Amino acid sequence: MLAEIKGLNEECGVFGIWGHENASQIAYYGLHSLQHRGQEGAGIAVTNGEKVNVAKGVGLVNEVFGHGELDQLQGKAAIGHVRYATAGGGGFENVQPLHFRSHNGSIALAHNGNLVNANALKHQLENQGSIFQSTSDTEVLAHLIKRSGYSDMKDKVKNALSMVKGAYAFVILTEDAMMVALDPNGLRPLSLGRLGDAYVVASETCAFDIVGAVHERDVEPGELLIIDDEGIKSERFTLNVNRTICSMEYIYFSRPDSNIDGINVHSARKNLGKQLAMESPIEADVVTGVPDSSISAAIGFAEQSGIPYELGLIKNRYVGRTFIQPSQELREQGVKMKLSPVRKIVEGKRVVMVDDSIVRGTTSRRIVRMLREAGAKEVHVRISAPPIKNPCFYGIDTSSSSELIAATRSVQEICELIEADSLEFLSNEGLIEAIGRDYENGGQCMACFTGKYPTEIYPDTVHPHEKVTC
């Protein structure tokens, strides 16, 4: 993925399995398939019915578990997590699953998303005597569970979930149960599957394919699954639900081989490219996509327009993560290390460069320059999503509009800044039509495009001078 240098980063991915003798090994492979959702840390928690054990660390999955750690994680159930730091920042203490011990048992939690009222709840809990071990908003749920007045763990979790707001897909592990919960808006993807007699949950269905599980259904918004040795139970922790899954899951974050709410991601991206070609036609000689997430859209654009698709940009898959630095100079050098133009494909050609987003614009400008340096006669940029004008508070690393070039500049101004011959974005209506979700059964979150948020946004979450609409 080019997430680090493009400026869009998703919070993380979660995986869980109950009822398998090799639970930790299955979780390891499941996390591998979700590695694109986070590369800063990974962890696995297991239970053998008597004790919960956790191993985690900073780095990629194979780096964290490359020294025999899985041998120490024996048990019938496991939850796992890959992390990209947004809320709370990085550091080992924020790597999940978070693990808490008490006199009446242990609890491990893993979370995908972001809680918009985490700061308010944390202040309230600290005033009541809670001491936080991390700066992650995930820990808030653990304190709410422990402080709940209910005696049964299921009721404790339901009570805690009723107090948190925002985007969340939680997997929770105790000595004798695994619990799975999705926020009332279903902003993050979460699916349920079976592997023989074992139950499996994952942020994306591609994880089921890797471990050999069969996808059964998506977890519903506001649903709590309780999985133990007696089987699986489904309960609701709220009836106030409004399905609004994040549009960027289809556009950018999820793997092309995943299905989200019954829609294949690759097919959705091809349709985005086709819709873009209908809305913004151009005379050109070749279409190319920015690897990897834009390839499907570029293929769709080529099919619809009749312009040949070619691999005009090649991704170097053997560059480590160490080059990724905050300075603009090093970020631009990172683009050059990650991508190379294919001179014989673009030389002397009018090139359509299809990408999925423009965040700051600096990466797009660098790629346009590379294509010109390789001999492209013209470079026309087409974006398979609307302009990102508003910050996201649900787990995507764009928390301020000051980071977003489209928030303050017109399309023409952005075109001039990235040095393209032309620039067009997909319309909001085109995005909805291309993805093809059944809006009678729930829609998509379009907040980063429209500024209309599906949940309340708390003041301490918003940057100064930022205006939001719910």
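Helix α16 contributes the most to the lining of the largest cavity in this predicted model, with three residues. That cavity has a volume of about 100 Å³, and it is one of four cavities of 30 Å³ or more found in a search of the whole structure. Two elements, α8 (247-253) and α16 (447-450), each give two or more residues to the lining of the largest cavity. The lining comprises 14 residues, and those closest to the centre of the cavity are Cys246, Cys392, Ile396, Cys445 and Cys448. By residue class, the lining consists of twelve nonpolar residues, one polar residue and one charged residue.

The setting of this cavity is a protein with 16 helices and 23 strands. Of its 470 residues, 60% are buried. Among contacts with a separation of 6 or more, 69% join residues that are 24 or more positions apart. The surface exposed by the protein amounts to about 18300 Å², of which carbon and sulfur atoms supply 46%.

A single charged side chain illustrates how burial is assigned. Lys270 is located in helix α9, which spans residues 265-279. Is Lys270 buried or exposed? Its relative accessible area is 18%, and because buried means under 20%, Lys270 counts as buried. When residues up to four places away in sequence are left aside, Lys270 touches Ser296, Ala297, Ile299, Gly300 and Glu303.

The backbone also has several features that merit inspection. Two of them are cis peptide bonds. One runs from Gln96 to Pro97, with omega near 5°; Pro97 lies in the loop between β4 (77-83) and β5 (98-102). Another cis bond runs from Pro291 to Asp292, with omega near -5°. In this case Asp292, the residue that follows the proline, lies in the loop between β17 (286-289) and α10 (295-305).

Positive phi angles form a further topic. Asp261 is not a glycine, yet its phi is positive, at about 55°. This residue sits in the loop between β15 (259-260) and β16 (263-264). With a relative accessible area of 32%, Asp261 is partly exposed. Glu419, likewise not a glycine, has a positive phi of about 65°. Its position is in the loop between α14 (411-418) and β22 (422-425). Glu419 is partly exposed as well, because its relative accessible area of 33% falls between the 20% limit for buried residues and the 50% limit for exposed ones.

It remains to consider the confidence of the prediction. The average pLDDT over the protein is 90, and 88% of the residues score at least 70. Over residues 1-6, however, the pLDDT is below 50, although this stretch has 32 contacts in the model beyond near neighbours in sequence. Residues 321-326 form another such segment, where pLDDT stays under 50 and the model has 13 contacts beyond four places in sequence. Where pLDDT is low, predicted coordinates should not be read in detail.

Note on methods: Residues are numbered from 1 along each chain as its sequence is written. This is a predicted model: local features need pLDDT of at least 70, side-chain atom pairs count only at pLDDT 80 or more; totals for chains, interfaces and linings use all residues. Side-chain values use heavy atoms; hydrogens and water are left out. On a 1 Å grid over the protein atoms alone, a cavity is a set of points where a 1.4 Å probe fits but cannot get out, and a pocket is an open set with protein on both sides within 12 Å along at least five of seven lines; lining residues have an atom within 4 Å of a point. Grid points are joined across faces, edges and corners, and a volume is the space filled by probe spheres set on the points. Helices (H or I, at least four residues) and strands (E, at least two) are DSSP runs, numbered from the N terminus. Ala, Val, Leu, Ile, Met, Phe, Trp, Tyr, Cys and Pro count as nonpolar, Asp, Glu, Lys and Arg as charged, and the others, Gly among them, as polar. Buried means under 20% relative accessible area, exposed over 50%, partly exposed in between (1.4 Å probe, protein chains only). Contact means heavy atoms within 4.5 Å. Accessible areas come from the Shrake-Rupley method with a 1.4 Å probe; for residues, only the protein chains shown count as cover. pLDDT is the predictor's confidence in each residue, from 0 to 100.
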